[in-house]
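Reader: I am new to this structure and would like to know what stands behind the words used for it. Please set each value against its cut-off.

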Amino acid sequence: MTSATSEWLTPSTRTELIENLVSGVDRYNPSNVSILEDYLYHQIRSGEYDCLANLAILKLYQFNSDLYNPDVVVNILLKALTAEPFPDYNLCTSLLDDRLVNMNPDEPDPLPVLLPILTNLYNLLHQCRFPAFWTFYHSDELESLRENYIVECVGFEEAIREVAARAVKATFTRIGLDRLGTYVDLSGPELEMWIEKQGWSLDISTRTVSIPSNPDNEIESVVIRENVKLAQLQKVIAHAAQVK
Amino acid sequence: MSAQRMALWAAEPDLDDDINDVDIPLTIPPYQNADLYDDPNLDESALLAVQAQIAQQTALAQIPDVVKRFIVHFHQAVLDNNLPEITLAYESGWNRLTEKFYARTEWPEAEIIAPLVNDDQIFLILYRELYYRHVYSRLQPDIDDRFHSYENSCELFNYLLNSEVGPVPLSLPAQWLWDIIDEFIYQFQSFALYRSRPANKTDEELAMLGSEGGAQAWSSYSVLNVLYSLIQKSRVNEWLKARAEGKSDEEIDEIVGEYGTKPLYRQLGYFSLIGLLRVHVLLGDFTLALKVMDNAGLGLCAGEKVPFTAPTAAHVSTAYHAGVCYLMLRRFTDAARVFTGCLNWVMRARQYHTRSYQYDQINKTADRMYALLALCQTLAPTRLDDNVINVVRERYGEQMTRMGRGEEGLGTFEEIFLYACPKFITANPPPYNDPNTLALLINPPTPSSPSSPTPTSGTPTITDPTQRHLRALSAHFLALSPVPTLRSLLKLYTSLDARKLAGFLDTGVDEEEVLSWMMVMKNAGRCVGRVRGAAGADKDEKNSASTANGSSAGSSLLDGEWMSISDLNFVIDENMIHIAESTVGRRYAGWFIRNSEHAARVFDGLRASPLPGSLPGAKTQGKGGEAKGDTSKDTAPRTSGQKVAWSKVV
């Protein structure tokens, strides 16, 4: 049995080369940044995710401001958004030291504009306000983010739907079809297919979706009683035997 | 012998007065107290030679004799690798003389006292280490002090790490080694904070910070390099692994090599791990910080065994920084457990540390941990150790009530975090080498100025990184703000319609919003946490059986399992909220067992003592039995020598 964090600590898709970089002191070597950046773009194309490797990139940027590449940072943050409810997004922003805005007008740094938008997206996810997330996501304000970054990030919307699915799965046993649709920004046959893929069942007549039971959506009242073990009484019993 | 020696430079006030009465310049009668100084290792003629130089250096002559003697003695102790003497001089002599002569001024510079120690460079490096530490703690270090203390640290570590003869033949007490590492990081932090404020610096300071050497001094890379080098040279991680695997002493010696077998290097390596934890926290890398400690573990604070007796301050620093990491990782149960473990231990160890000069520092850190614990309890209330939680309630009861009211508690939440968090630093300096940008940074152009077309993106600003971390945690606090109200309402029902619940809440809250709050609440009721193999079993966790396997697989501090931390559980069936509350029955057994054992000890004590009349001076042994319980119970009841056979089997 693997722990809840093992895939986050060492994703099964991580190669040995990356593992050595992430766990060794070579992670501080600025010349390795391209290896890690290539790995990030591999994650972007394949839908894989490796938070610790991405943090290693941000660490190198933190120490070597000349390596800084805003496009990479935006991509890392997009990937981190999909890890909610894990705090990956905050772990990434923690490493983003305030930097001097690039004065070069030909190559403006997109991050100062995009960071508040990304943080807003993150907060909506964190507050489980999924319909609001999708409304904001489709708004004009996000056009540049969508067209320049998200379009490249394979499976981004699907991963966000997974975030919603995790929250719904824990909270509901049954949920209205239309409501679920607003959470995952799907409707009609697409939504039905998505529900089927989740392994949830749809009752068309009542338009409700049933979610199989899991440890989080099964509840029962428990009275926790204390449980005395013999070992705890060892001294008392031993003493009684001696006094005789 | 040592007591007699100590008297010379440390104790008797009348002796000190004698020395102070001596007219200072030039003609000091040679060694009027020499007969008192009975160290056979010290040769009279060497002292006389030193004395000749003293006459030439008025600076040296102005140093009180008692201090000179202390330095000569200290030097000799270091030369002899005499740990008890070094410890005495380090922990008591230095501090006493500081109080007496250097409470408000620097100690004599190393160059001045050099003749006293035969120009021993190694001792002078160690002396400067103390000298600068004193400047940082008692006085205001100027920029020269900051640069020189960095150079001295480099020399010290260079000597330890790059000596041509292999491991250096030096022994220092663990406390001093810890202080060296701790102070190194403190000075790094202090420099980073000093550097991050370019306003109010003199031209000279700006020039020094802008120079190439200025950019190098206290750079993050150089600090990390020192710590990683000490860790690698001492092979402390390999040592810890080998110990954990139960290898024999010979095998371990083989593994750690010529450096790792020396206590000096092993301890420096171990303390460097803790130092690295702290540096990573200061730089905001909370995952890497915990990863560094994977082999070392969190020691006493997590109920684990420690490889050797490390100074109290080392444990406290470990717990504080590891707890901060867990807090920022939103693993509140782990944070609370580390804080509680450490605070409990500090509480018990307090009686032994009241006189230590580190007592203040330890107490300050402990106070911060209580504050952070109050935050943990607000974000994820769990059952904690009674003793510790009582202190938290005593100090932060009012604030916790305020934070429990949701949004209006935000101010209190931020206030406590800012008080209790470490002083985070940025890795890089402001652009001191670029005066134009720097000028812009100090005096940003007014946004309304028509000359700058994009005022917001063109203005560089440097903000305190603490604000960034605060924002992350505050956002979480705000996300949870509806939870306390929901909780108190849901507690009244076993099932409730979501629309009805929305009606109970403030106007303007619709059903959709309530449902999103419910999902937030669900997330807040679970938490990833480390499961301790043994302790997890009797934690009454329902899923402890399934998690027991996981804990043995990985020992990483970042490892964890989902666990439910809320006693109020609920689930939503379409629109209907079903609520189930778990209750914890009162625990009697612990109290009963403790008191039975106590009664048994009192009984044994009474039986062992003579009858009242026969010996009037007989003391009541039961008094104070609570504190000494552990020792008395081992000795007292064994009188019969009888052992219950099955007690071992259990």
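Reader: What makes Phe70(B), Phe74(B), Tyr90(B), Trp94(B), Phe101(B), Tyr102(B), Trp107(B), Phe123(B), Tyr127(B) and Trp176(B) a cluster?

Author: Ring pairs link these residues. This is a predicted model, and the structure holds 36 aromatic pairs over all chains. One of them joins Phe70(B) and Phe74(B), with 5.3 Å between the ring centres and 45° between the planes.

Reader: Why is the pair of Phe70(B) and Phe74(B) called tilted?

Author: Rings pair if their centres lie within 6.5 Å, and planes count as stacked under 30 degrees and as edge-to-face over 60, with the rest tilted. The centres of Phe70(B) and Phe74(B) are 5.3 Å apart, and their planes meet at 45°, so the pair is neither stacked nor edge-to-face but tilted. Both residues belong to helix H5 (residues 65–79) of chain B, where they are 4 residues apart, about one turn of the helix.

Reader: Which other ring does Phe70(B) pair with, and what kind of pair is that?

Author: Phe70(B) also pairs with Trp94(B), again tilted, at 6.5 Å centre to centre and 50° between the planes. Phe70(B) is in helix H5 and Trp94(B) in helix H6 (residues 83–101) of chain B, so this pair ties together parts that are 24 residues apart in sequence.

Reader: Why are Phe70(B) and Trp94(B) called buried?

Author: The word buried applies under 20% relative accessible area. Phe70(B) has 0%, so it is buried. Trp94(B) has 6%, so it is buried as well. Phe74(B) is also buried.

Reader: How do you know that Lys201(B) lies over the face of Tyr194(B)?

Author: One condition is that the charged atom be within 6 Å of the ring centre. Lys201(B) is at 4.1 Å from the centre of the Tyr194(B) ring. The charged end of Arg526(B) sits over the ring of Trp562(B) in the same sense, 4.5 Å from its centre.

Reader: What makes the contact of Asp216(A) with Arg526(B) a salt bridge?

Author: A salt bridge needs a side-chain nitrogen of Lys or Arg within 4 Å of a carboxyl oxygen of Asp or Glu. The closest N and O atoms of Asp216(A) and Arg526(B) are 2.7 Å apart, so the condition is met. Between chain A and chain B the count is 5 salt bridges.

Reader: How many residues does the contact take from each chain, and how much area do the chains bury between them?

Author: The contact takes 82 residues from chain A and 91 residues from chain B. The two chains bury about 7,400 Å² between them, with 58% of it on carbon and sulfur atoms. Phe63(A), Ile219(A) and Ile224(A) supply 9% of the area that chain A buries against chain B, more than any other three residues.

Reader: Why is Glu511(B) called buried?

Author: Glu511(B) has 15% relative accessibility, and the limit is under 20%, so it counts as buried. It is in helix H28 (residues 511–524) of chain B. Leaving out residues up to four places away in sequence, Glu511(B) touches Arg179(A), Ala498(B), Arg499(B), Ala502(B) and Asn575(B).

Reader: Why is Arg129(A) called partly exposed?

Author: Buried is under 20% and exposed is over 50%, with partly exposed in between. Arg129(A) has a relative accessible area of 35%, so it is partly exposed. Its place is the loop between helix H7 (111–126) and helix H8 (130–137) of chain A. Beyond its neighbours within four places in sequence, Arg129(A) is in contact with Leu124(A) and Ser516(B).

Reader: What is said about the phi of Arg207(A) and of Asp119(B)?

Author: Arg207(A) has a positive phi of about 50° although it is not a glycine. Arg207(A) is in the loop between strand S2 (201–203) and strand S3 (208–210) of chain A. Asp119(B), also not a glycine, has a positive phi of about 60°. Asp119(B) lies in the loop between helix H7 (110–113) and helix H8 (121–138) of chain B.

Reader: Where is the peptide bond called cis?

Author: The bond from Glu84(A) to Pro85(A) is cis, with omega near 10°. Pro85(A) is in the loop between helix H5 (70–81) and helix H6 (88–94) of chain A.

Methods. Residues are numbered from 1 along each chain as its sequence is written. Chains are lettered from A and ligands numbered from 1 in the order in which they are written. This is a predicted model: local features need pLDDT of at least 70, side-chain atom pairs count only at pLDDT 80 or more; totals for chains, interfaces and linings use all residues. Side-chain values use heavy atoms; hydrogens and water are left out. Rings of Phe, Tyr and Trp (its six-membered ring) pair if their centres lie within 6.5 Å; planes under 30 degrees apart count as stacked, over 60 as edge-to-face and the rest as tilted. Helices (H or I, at least four residues) and strands (E, at least two) are DSSP runs, numbered from the N terminus. Buried means under 20% relative accessible area, exposed over 50%, partly exposed in between (1.4 Å probe, protein chains only). A charge sits over a ring if NZ of Lys or CZ of Arg is within 6 Å of the ring centre and within 35 degrees of the ring normal. Contact means heavy atoms within 4.5 Å. Buried area is the accessible area (1.4 Å probe) that two parts lose on being put together, summed over both.
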